[in-house]
Amino acid sequence: MKLKKELGLFDVFALSTGAMFSSGFFLLPGLAAYHTGPSVILAYFLAGILIMPAMFSVAEISTALPRSGGAYFFLDRSLGPLMGTIGGFGTYIALLLKTAFALVGIGAYGSIFWDIPIKETAVIFAIIFSILNIFGARKSSGIQKILVIVLLLVLGAFIADGFWNILSGTKSSLGFDKYNYNPFFTGGVNGLIFTTGFVFVSYLGLTQIASVAEEIKNPERNIPLGMALSLLVTGLIYVFGVFVMVSVIGNEALSQDLSPAATAAQQLFSWLPPKTGLYIIVIAALFAFASTGNAGILATSRYPLAMARDKLFSEKFSMISRWGTPVPAILLTTGLIIMFIIILSEEGIVKLASTFQLFIFMAINFSVIVFRNSKIASYDPGYRSPLYPWMQIFGIISSLALMFFMGWGALAFTLITIILAYLWYIFFFRSKVKREGAIYHWFALLGKHQHDELENEFMMILREKGLRQDDPFNQTIVRSQIHFIDNAIFEDLVQDVANSIALEINVDGNSLYEEFLKTTPIDPALVIPEVSLLYAKKPDIIHPVLHIVLCEESIEKPVEKHGILIKEKIKIFFFLVNDENNPKQQLRMLSSIIDIAERDYFIKDVFSLKSAKEIIEYLLHDKRYITFPLSKNEPSNIFINKKLMEAILPQDVLVVLVDRDGSSFTPKGKTVFLENDVLTIIGEPRSINKLYDQFILPK
């Protein structure tokens, strides 16, 4: 069972942003200032810059492979299951600790106002957020959006009031004091670099969204745009917010303060009743920790789900409930978080989590290079990282440098996690896993370990993503040529169709014939009983060309399977030719043809239709297609003697064909419609239904 696609752009923004605001703003600035002084402002800025390569890489892979599991799935499919196991376990543990720390923050800030036990309160909230996640990502993300909106409003007010007081100097205790920034680098360059790595954890939620990519609607748009907006907003709030803290509190006091945001708030908001600023910022902190805790459980629980799907974990954790959520994985995640809350202290968690995530980001940046060089045809990202491969190389080098500045203790933790994950894979699951990563496709010339099933899996993902808005699939179906034949020899049929298409697009018929007969590694994903898809690519094709051949008696097609030549009986042939400069579009269109051919009773339905027009209508499906004549006695008379550009039609529909006096043509803006013309219109189902009600239903 698949996860539901319920998350939109604002959900992506809210989950990503909510996963970042907690310790990064409310706890870390004081600890970070201890190591570098006022230049902590610069450290936050640099950390935001240095995470950009990982953000671009995650966005690219997520739009190509929108699957739950995040870093685990990416590393497994690129570098192989061993690296996937290491990345999956390590990231899972780091996110568990980060989420547990955020939930403890709820208890810690809540104890300022109420006499409540910190850890017990954290456990209660872990259970609450677990229940929300069990009943659906949409419900969980709905709470997340409320938390993030309130948080952004409060932090925006904090920064605005801080800047007003600092720059205007309206209070004697405030105003811009240059001595608060002298010396700017208390720990020198080494201190700044260490602090940049130390606060790196503040941005880790940015890429956490990849673990719920499978549940995001229109991932090719919403993932990169949501992440970019989240980084921009979060980076500005971090830099400006820390500037306010340094200016208001002063360097020496800040470096000793574990709640600098609350301390600064007590001196701000002077236009409100006493202590109102403190109350506001504590409430904001509670919202931030709750937001991070909720988003953490949502995203972290997808790691055991993804690993269970790939047989690297118990298959029980791959189960999806009737609510469309991975309940066993959520319960396991919540149980481990509660255990960490109870038995662990908070010291050192940030440094350990940052170090291992830097290692993971190195691997993810390398994964993009591997995927690009693997030449897997069905690796089709809707977003491509800019400045490739230099962006990824910069990300690898900068992450490695920051890791070494984090200290040997954190490096030792990373190494131990890697060793434990390695042993887990070797002793428990290596014998069950029969796949390899895309890296072996890169080195396919070595002749070993290339895993063809990986290409088939990517092809299936490509099918699930569907067409893009600029893919001319519907127009291609409408323009398609349909041939009815009684019988033929397969090779003769292919030659005849190749010659026909060659005349249409002005290419050599023999070369087209040869290309139609070739097989490719993705052919196993395209096999449907009694249906055959033959395809080719030629340069400078203005638009895709599709010919469909129907033979009710069937034609024998030679097929080689496992080294043995057999003959399959085919009743329907699709011949598709695309521009060779757009091979990914061809795969998407082939996938859409497969979706049509896999309809129940497809063969029977097609041969029950009496004309090419009816077949085209069936292929397009009535939800996206409508055809009607123009008559003076019908509502369609509003189009008669009008140009296409003057016709009042919904914005998301297109007049793709006009039948007039026995011939058909594609209209242009100045085409004048005449009485008895038959219009063929395609578009979004909602608008097609409106046209149906307006021009067909009145009959």
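A salt bridge is counted here where a side-chain nitrogen of Lys or Arg lies within 4 Å of a carboxyl oxygen of Asp or Glu. Glu 530 and Lys 571 meet this condition, with their closest N and O atoms 3.8 Å apart. This pair joins distant parts of the chain, since Glu 530 sits in the loop between helix 25 (509–517) and strand 2 (531–538), while Lys 571 belongs to strand 4 (residues 564–579), 41 residues apart. Glu 530 is partly exposed, because its relative accessible area of 32% falls between the limits of 20% for buried and 50% for exposed. The model described here is a predicted one.

Across the whole structure, the search finds 6 salt bridges. Another of them is formed by Glu 60 and Arg 372, whose closest N and O atoms are 2.9 Å apart. Here too, distant parts of the chain are linked: Glu 60 is in helix 5 (residues 52–64) and Arg 372 in helix 18 (residues 349–374), 312 residues apart. Both Glu 60 and Arg 372 are buried.

A further salt bridge is found between Arg 588 and Asp 380, with the closest N and O atoms 2.6 Å apart. Arg 588 lies in helix 26, whereas Asp 380 is in the loop between helix 18 and helix 19 (390–405), so this pair ties together parts that are 208 residues apart in sequence. Are these two partners buried or exposed? Arg 588 has a relative accessible area of 4% and is therefore buried, and Asp 380 is likewise buried, with a value of 3%.

Helix 26, the home of Arg 588, runs over residues 583–597. From the first C-alpha to the last, its 15 residues reach 21 Å, close to the 21 Å expected at 1.5 Å a residue. The helix is mostly covered, with 13 of its 15 residues buried.

Attention now turns to the nonpolar interior. The largest nonpolar core holds 135 residues, and the members that touch the most others are Phe 25, Phe 26, Phe 158, Phe 200 and Ile 281. Helix 7 (residues 81–110) gives the most to this core, contributing 14 residues. What does Phe 200 touch, leaving aside residues up to four places away in sequence? Its contacts are Ala 47, Leu 50, Ile 51, Ser 354, Leu 358, Phe 361 and Leu 402. Apart from the largest core lies another, of 33 residues, with Ile 548, Met 589, Ala 597 and Tyr 625 among them.

Val 497 offers a closer look at one buried position. This residue is placed in helix 24 (residues 490–505), and its relative accessible area of 5% means that it is buried. Not counting residues up to four places away in sequence, Val 497 touches His 547, Val 549 and Phe 575. Val 497 and His 483 are separated by 14 residues in sequence and by 9.4 Å in space, C-alpha to C-alpha.

Further along the chain, 4 strands make up an open sheet in the order 5-8-6-7, with antiparallel pairing. Strand 5 (625–629) and strand 7 (663–665) are the edge strands, each pairing on one side only. From one strand to the next, the twist averages 20°. Helix 28 (residues 612–620) packs on this sheet and touches strand 5, strand 6 and strand 8; the direction of helix 28 makes about 145° with that of strand 5.

Within the sheet, strand 8 (residues 678–683) pairs with strand 6 (residues 653–660) in the antiparallel sense over 6 bridges. Leu 654 stands opposite Ile 682 of strand 8, and Asp 659 has Val 678 of strand 8 as its bridge partner. Strand 8 also pairs with strand 5, again in the antiparallel sense, over 5 bridges. In that pairing, Ile 626 is matched with Ile 681 of strand 8.

In a regular strand the side chains alternate between the two faces of the sheet. How do the residues of strand 8 point, and which of them are buried? Val 678, Thr 680 and Ile 682 point one way, Leu 679, Ile 681 and Gly 683 point the other way, and all are buried. Strand 8 is thus mostly covered, with 6 of its 6 residues buried.

Definitions and conventions. Residues are numbered from 1 along each chain as its sequence is written. This is a predicted model: local features need pLDDT of at least 70, side-chain atom pairs count only at pLDDT 80 or more; totals for chains, interfaces and linings use all residues. Side-chain values use heavy atoms; hydrogens and water are left out. Helices (H or I, at least four residues) and strands (E, at least two) are DSSP runs, numbered from the N terminus. The expected span of a helix is 1.5 Å times one less than its number of residues. Buried means under 20% relative accessible area, exposed over 50%, partly exposed in between (1.4 Å probe, protein chains only). A nonpolar core is a set of buried Ala, Val, Leu, Ile, Met, Phe, Trp, Tyr and Cys residues joined through side-chain atoms within 4.5 Å. Contact means heavy atoms within 4.5 Å. Two strands pair if DSSP finds at least two bridges between them. Axes are lines fitted to C-alpha atoms, for helices over the stretch in contact, and angles run from 0 to 180 degrees between N-to-C directions.
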